[in-house]
Amino acid sequence: MTRHTPNRPGSAKQAPSKTASGPQKAATPARVPTQDLARHPAKDALAWAHTARFYITAALLHQVPVSELPEVAFVGRSNAGKSTAINTLAQQRQLAYASKTPGRTQHINLFHLGPKAAPNQIWTDLPGYGYAAVERSAKQRWQEVMARYLEVRRNLSAVVQMVDSRHGFTELDRQLLEFVTPRVRSGEVKLLVMLTKADKLNRKEQAESLRKAQEVLADLVTEESDVNVTLFSSLNKSGVGDVAEVLHGWAASPEMAEALAAAQAAQAAAEPLPDHWDDEDEGDASAASPRDQA
């Protein structure tokens, strides 16, 4: 497994090269991780990823709750293995729902990670895109939803895009990438591209898949950006530890997570009672209060 991190602190880099579009940075392959996770930093990252649990589902964008936690959006074509990859990272069989018919899952699903009392990251599983069996109107509607989410979601801190390593970036993959490109270039949003199903390629094909992906991503690399690409396989678990490390590194600090949890609790405690809760109800012993009914 190789991972390329164009501007990841401490990673090996080649000298910047001049291109028609200006200076760009190139990267050399990161180290190949040991398989012994007991002696590898990925062990802690995988333990953290295993804490992933369902938070909320939303049918529409405005139903996604506002949050200050760093949010990582998982995107990809309907047959790129997105749900399987999320479940593999979390080491859970049914965390992310994988429909038997690709393209049928059209809800935004959010998951909390970290301590239950003070979660430190949100994973957002966006609907898969590009499946031929989904009617055109549904495709366009979800394209608009994802475009707006990726362009304006305030606490979006990173995007993980799943691309089938056998086919590389399709036109739809490139279109989705365009939605978030300005925020990636500015460093506002980090990007990790996972070349899924890498087990189906031999070493030469994997290297070629990685090279082509780097060519696509080269235009996004700036002094401010954080752009990563890695080969990944849910079947043989290659790349799983490295991806978990990257995601864990993007989580909020314990201090920040605890402060956000405390602020949320204080806000909930300060919320006014429902409109139908009044003095007349309080004085009537026969009236069942909303709390009694709960």
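This passage describes strand 10 and its neighbours, a pocket, several salt bridges and two backbone features in a predicted model.

Strand 10, which covers residues 227–231, is largely enclosed by the rest of the structure, because 5 of its 5 residues are buried. The side chains of this strand divide between two directions, with V227, V229 and L231 pointing one way and N228 and T230 the other way, and the residues of both sets are buried. Strand 10 pairs in the parallel sense with strand 9 (residues 190–196), and the pairing extends over 5 bridges. Within this pairing, V193 has V229 of strand 10 as its bridge partner. The connection between the two strands runs from strand 9 through helix 5 (residues 203–217) to strand 10, forming a β-α-β crossover that is right-handed. V229 thus appears both among the buried residues of strand 10 and as the bridge partner of V193.

The second largest pocket has a volume of about 380 Å³. It is lined by 17 residues, of which V66, S67, E68, L260 and Q264 are the closest to its centre. Helix 7 (residues 254–270) supplies the largest share of this lining, with 7 residues. When the lining residues are sorted by class, 11 are nonpolar, 4 are polar and 2 are charged.

Side chains of opposite charge can pair when their charged atoms come close. A search of the whole structure finds 9 salt bridges. One of the salt bridges is formed by the side chains of K82 and D125, at a distance of 2.5 Å from N to O. This pair links distant parts of the chain, since K82 belongs to helix 2 (residues 82–90) and D125 to strand 7 (residues 121–125), and the two are 43 residues apart. Both K82 and D125 are buried.

The side chains of D164 and K197 also meet in a salt bridge, in this case with an N to O distance of 3.9 Å. D164 lies in strand 8 (residues 156–164), whereas K197 lies in the loop between strand 9 and helix 5, so that the pair ties together parts that are 33 residues apart in sequence. D164 counts as buried because its relative accessibility is 8%, under the limit of 20% that applies to this class. K197, by contrast, has a relative accessibility of 23% and therefore counts as partly exposed.

A further salt bridge joins E188 and R183, whose closest N and O atoms are 2.8 Å apart. In this pair R183 is buried, with a relative accessible area of 7%, while E188, at 43% relative accessibility, counts as partly exposed. Beyond such individual pairs, D164, R166 and K197 are joined into one network by salt bridges that share partners.

Two residues were also noted for their backbone conformation. Most residues other than glycine have a negative phi. Q91 is not a glycine, yet its phi is positive, at about 55°. This residue is placed in the loop between helix 2 and strand 6 (108–113), and Q91 is partly exposed, with a relative accessible area of 39%. K237, likewise not a glycine, has a positive phi of about 70°, and its place is in the loop between strand 10 and helix 6 (240–249).

Methods: Residues numbered from 1 in each chain as written. Predicted model: local features only at pLDDT ≥ 70, side-chain atom pairs only at ≥ 80, totals over all residues. Heavy atoms only, no water. Buried < 20%, exposed > 50% of the residue type's maximum accessible area, 1.4 Å probe, protein only. Helix = DSSP H or I, 4+ residues; strand = E, 2+ residues; numbered from the N terminus. Pairing = 2+ DSSP bridges. Right-handed = clockwise from strand over helix to strand, strands pointing away. 1 Å grid on protein atoms, 1.4 Å probe; cavity = no way out; pocket = protein on both sides within 12 Å on 5 of 7 lines; lining within 4 Å. Points joined across faces, edges and corners; volume = space filled by probe spheres on them. Nonpolar A, V, L, I, M, F, W, Y, C, P; charged D, E, K, R; others polar. Salt bridge = Lys/Arg side-chain N within 4 Å of Asp/Glu carboxyl O.
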